[in-house]
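Visitor: I would like a close look at a single part of this structure, followed outward to whatever it touches. Please take your time over it.

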2 protein chains.
Amino acid sequence: MNVQKVELHEVGPREGFQFEGIGQPEKIPTTRKVELVQALATTGLRKIQVTSFVSPKQVPQMADAEEVSRRLQPVSGLEYDCVYLNDKGLERALNAGIYTIEGHVSLSASEAFSKRNQNRTLAEDIEMQRRQLHLYRANNIPIEGGRLMAAFGCNYEGDIPLSRVIDLVVIMHDLIAEGGGQFRELQLADTMGWADPESVTRTVHAVRSRWPELKLSLHLHDTRGAGLANFYAGLESGVTKFDTSVGGLGGCPFAQTVGGNICTEDVVFMCERMGVETGVHFERLIECSRLAEDIVGHVLPSRMSHAWGSAAT
Amino acid sequence: MNVQKVELHEVGPREGFQFEGIGQPEKIPTTRKVELVQALATTGLRKIQVTSFVSPKQVPQMADAEEVSRRLQPVSGLEYDCVYLNDKGLERALNAGIYTIEGHVSLSASEAFSKRNQNRTLAEDIEMQRRQLHLYRANNIPIEGGRLMAAFGCNYEGDIPLSRVIDLVVIMHDLIAEGGGQFRELQLADTMGWADPESVTRTVHAVRSRWPELKLSLHLHDTRGAGLANFYAGLESGVTKFDTSVGGLGGCPFAQTVGGNICTEDVVFMCERMGVETGVHFERLIECSRLAEDIVGHVLPSRMSHAWGSAAT
């Protein structure tokens, strides 16, 4: 293993509570959302994704995005970030005042998914990215990244060919240049959990051979059981930045269509066994995972939070 | 990926029902155990581990080992096997008449685990192996293999040094030679789920560099989340034979001390995505996983059985 250290970006509060809320608006009280974020801030994690500024009509469980942001007491030295899918969301995120806003373009490798998630075709999405780039510039936010959703497969389209991934990264590159930015970092997102270790390795190598200077990060879901294998394949390929989710929040063991993100504590434990540094205080993280289970009211996919404390673990 | 095909050894009925029964003797009726084995026999799996011939006092849920064996209607072309921990168990297994009995020696890399599981010190275990080897010879069963439990770590001892693994394989080698056998195959078992992808790779390479002709197989548990990552690391290292468990049977999401084996359907799906042949009919396997959930009466760790049927899967 050449990697000695990884950066973990905790996305549980956003991805998890968004998912948990499906069909159950206001299931999770604002205070409890804030409670989890505050607890995560004590674990050594450096960056926590808090909420989504999306349509309260489409995603009622994120209707308290402003309220969560207001109640949060940011810990100095930590970064908080959030999700938005259009210029309106970006304006709300900017107004919240506590978020690290990274100027980036975001596209989906599956147009079918884009229509469902962003309600836009690829052409419309490109136009929306231009509007967002304009907003970043107007707010003096450097434009430095791209994020590609559904980069490994799609529930509606099936496999995503690698050539399409490359084509879309080219489009991102042009958009960022057009917006006066510099393309420094690319996130490849396995939004619906279709990746396998070989496709992770193949995609990372293809992107890196074309854009050797680009820093890569991975957003992985454990929908089909390969989550940590994909994480390991990413590490082996030299990726050092990953989104993870406490408890494996984001999935439901009973009726999952989109499984949770790879679980923060399972990733941290595996890294520790391999001598890869995460900077995370493991026992505090386990407490957060148990808190998350208490908040959602059911067992989460995490293996470590259930194994920890038994036997010699 | 150099591996084009894997052999999967289904251990769910034995490992799972043994685990499920802890503290709840006779929880699972014999008819339902047989039902699962019969269903698994239609999936394309070539070898199924059915039961354990162990002390009914120590493991009451396996007290029906003879009855399960009697009721089973073996499908021609399939192999059925079983577990035993001493010469008495081996005699019972031989008497059952339906099992493929592989002459082998079995040791534990952790003496603390050996004392708990087999109720023997290493020295006593070596003596027991000699008694078993004698029985194999008396029954004209070729002696060709070794199995090493707790090869990657132990709940009672923690890490297991690689040097101890090598020392024990040397002992196995000598025992097999002494018994007139030939050491052709070694199973490395991560009995308590302590392996990580790097330790799998390191151990496989160390054993192979010393005994290049030895066929290796892996028995992996997903106690700490790294199960499929370890499977992938094994594949990458050229291992082609694995124990897996339908539904991920063997673990309980509520109070696991020993998590389930790596889940057969998650392994099969990942293999299919990577073009690695398993010979398994996927939909029939998913039906078996759902049957297993029905039998144990709670959600099993499998990801694929919950994702399958939703969206494009």
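**Helix H10 of chain A and its surroundings**

Guide: In this predicted model, the centres of domain 1 and domain 2 of chain A, taken over C-alpha atoms, lie 21 Å apart. Domain 1 comprises 1–101 + 245–251 + 258–313, while domain 2 covers 102–240. Between them, 26 residues of domain 1 of chain A are in contact with 20 residues of domain 2 of chain A. On the domain 1 side of this contact, helix H4 (87–96) and H10 of chain A each contribute at least two residues, and the largest share, four residues, belongs to H4(A). By character, that side of domain 1 of chain A consists of 13 nonpolar, eight polar and five charged residues.

H10(A), which spans residues 264–273, also packs against H11(A), the two axes being 10 Å apart and set at an angle of about 160°. An angle over 145 degrees counts as roughly antiparallel, and H10(A) and H11(A) are therefore described as roughly antiparallel to each other. The crossing of H10(A) past H11(A) is left-handed. At the level of residues, Thr264(A), Glu265(A) and Val268(A) of H10(A) meet Phe282(A), Leu285(A), Ile286(A) and Ser289(A) of H11(A), a set that divides into four nonpolar, two polar and one charged.

Both of these helices appear again around helix H1 (residues 12–20) of chain A, since what covers the buried residues of H1(A) includes H10 and H11 of chain A, along with strand S1 (7–10), helix H2 (30–40), strand S2 (47–53) and strand S3 (79–84). Nine of the nine residues of H1(A) are buried, so this helix is largely enclosed by the rest of the structure. Among the buried residues of H1(A) are Arg14(A), Glu15(A) and Glu20(A), as well as Phe17(A) and Phe19(A).

Finally, H10(A) takes part in the contact between chains, where 36 residues of chain A are in contact with 36 residues of chain B. The elements giving two or more residues to the chain A side are helix H8 (197–210), helix H9 (227–236), H10 and helix H12 (304–307) of chain A, with H9(A) giving the most, five residues. That side of chain A divides into 20 nonpolar, nine polar and seven charged residues. Taken together, H10(A) contributes to the side of domain 1 of chain A that touches domain 2 of chain A, to the covering of H1(A) and to the side of chain A that touches chain B.

Note on methods
Residues are numbered from 1 along each chain as its sequence is written. Chains are lettered from A and ligands numbered from 1 in the order in which they are written. This is a predicted model: local features need pLDDT of at least 70, side-chain atom pairs count only at pLDDT 80 or more; totals for chains, interfaces and linings use all residues. A residue is buried if 20 or more other C-beta atoms lie within 10 Å of its own, exposed if 12 or fewer, and partly exposed in between; C-beta atoms are placed from the backbone. Two residues are in contact if their C-beta atoms, placed from the backbone, lie within 7 Å. Domain bounds come from an automatic or database domain assignment. Ala, Val, Leu, Ile, Met, Phe, Trp, Tyr, Cys and Pro count as nonpolar, Asp, Glu, Lys and Arg as charged, and the others, Gly among them, as polar. Axes are lines fitted to C-alpha atoms, for helices over the stretch in contact, and angles run from 0 to 180 degrees between N-to-C directions. Angles under 35 degrees count as roughly parallel, over 145 as roughly antiparallel, 65 to 115 as roughly perpendicular and the rest as oblique. A crossing is left-handed if the near helix is turned anticlockwise from the far one by less than a right angle, and right-handed if clockwise.
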